[in-house]
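Biologist: I should be grateful for a close look at the charged side chains of this model. Please set them in their surroundings as you go.

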Amino acid sequence: MADPARAARLADRIKIIVAQALERRIKDPRLGFITVTDARVTNDLQHATVYYTVFGSEEEQASTRAALESAKGILRAEVGKNITARLTPTLTFVPDEVPVNAAHIEDLLRQTKERDAELAAAREGAEYAAGEDAYKIAETDEDEA
């Protein structure tokens, strides 16, 4: 087991190396507008997971996924040349779901804001059903004594 801090540093380095290799070395026309968002390395430094996002339609995302799978060997060789580990980690490419989840959360927040506005409009002319203090007990002469 390697030090978790070393694994984190290696993951950051792999993220940079893969991003630069995709920009400069890989000339696949299927490769769309891709952004490497994160990389994670297991504690034994054997496997690296690279997270990416692709701007575009489902077709462009699928073709980018295929281009990354075909360029996996070249990218692993680039990583091996530029890191100082005994073994070069295997690369796994995973589409990052953060933008999709963020859009979903934004949609939920928008719906909640609209419902809050509807409730505020309905509350404008509303009155209490039993007066302002429904639990107020009328005072009797016995209580005063």
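Modeller: Asp-38 is partly exposed, with a relative accessible area of 22%. Here buried means under 20% relative accessible area, exposed means over 50%, and partly exposed covers what lies in between, using a 1.4 Å probe and protein chains only. The structure is a predicted model, in which local features need pLDDT of at least 70 and side-chain atom pairs count only at pLDDT 80 or more, while totals for chains, interfaces and linings use all residues. Residues are numbered from 1 along each chain as its sequence is written, and side-chain values use heavy atoms, with hydrogens and water left out.

The side chain of Asp-38 meets that of Arg-40 in a salt bridge, at 3.3 Å from N to O. The term requires a side-chain nitrogen of Lys or Arg within 4 Å of a carboxyl oxygen of Asp or Glu. Side chains of opposite charge can pair when their charged atoms come close. By this rule the model has 7 salt bridges.

A second pair joins Lys-81 to Glu-78, with 3.9 Å between N and O. Both residues belong to helix 3, where they stand 3 residues apart, about one turn of the helix. Helices (H or I, at least four residues) and strands (E, at least two) are DSSP runs, numbered from the N terminus. The two partners differ in their surroundings: Lys-81 counts as exposed, at 59% relative accessibility, whereas Glu-78 counts as buried, at 15%. The pair also belongs to a network of salt bridges that links Arg-25, Glu-78 and Lys-81.

A third pair lies in helix 4, where Asp-107 and Arg-110 are likewise 3 residues apart, about one turn of the helix. Their side chains meet in a salt bridge of 2.4 Å, N to O. Asp-107 is partly exposed at 28% relative accessibility, and Arg-110 is also partly exposed, with a relative accessible area of 41%.

Glu-78 leads from the salt bridges to the buried side of helix 3. This helix spans residues 72-82, and its buried residues are Leu-75, Glu-78 and Val-79. Seen down the helix axis, these buried residues fall within an arc of 100°, so they line one face of helix 3. The arc is taken from the directions that run from the helix axis to the C-beta atoms. Among the elements that cover the buried residues of helix 3 are helix 1 (4-24), helix 2 and strand 3 (90-95). Contact, in this account, means heavy atoms within 4.5 Å.

Leu-68 shows one such meeting of helix 2 with helix 3. Leu-68 lies in helix 2 and is buried, with a relative accessible area of 1%. Leaving aside residues up to four places away in sequence, Leu-68 touches Leu-22, Leu-31, Ile-34, Tyr-52, Leu-75 and Phe-93. The C-alpha atoms of Leu-68 and Arg-30 are 9.1 Å apart in space, although 38 residues separate the two in sequence. Ala-66 also has its place in helix 2, but Ala-66 counts as partly exposed at 32% relative accessibility. Its C-alpha atom is 8.4 Å from that of Leu-31, 35 residues away along the chain.

Charged residues also appear in the lining of the largest pocket. A pocket is found on a 1 Å grid over the protein atoms alone, as an open set of points with protein on both sides within 12 Å along at least five of seven lines, whereas a cavity is a set of points where a 1.4 Å probe fits but cannot get out; lining residues have an atom within 4 Å of a point. The largest pocket holds about 230 Å³ of space. That volume is the space filled by probe spheres set on the grid points, which are joined across faces, edges and corners. Its lining consists of Tyr-52, Thr-53, Val-54, Glu-58, Gln-61, Arg-65, Pro-95, Asp-96, Glu-97, Pro-99 and Val-100. Strand 2 (47-55), helix 2 (58-70) and helix 4 (98-123) each give two or more residues to this lining. The lining divides into 5 nonpolar, 2 polar and 4 charged residues, where Ala, Val, Leu, Ile, Met, Phe, Trp, Tyr, Cys and Pro count as nonpolar, Asp, Glu, Lys and Arg as charged, and the others, Gly among them, as polar.
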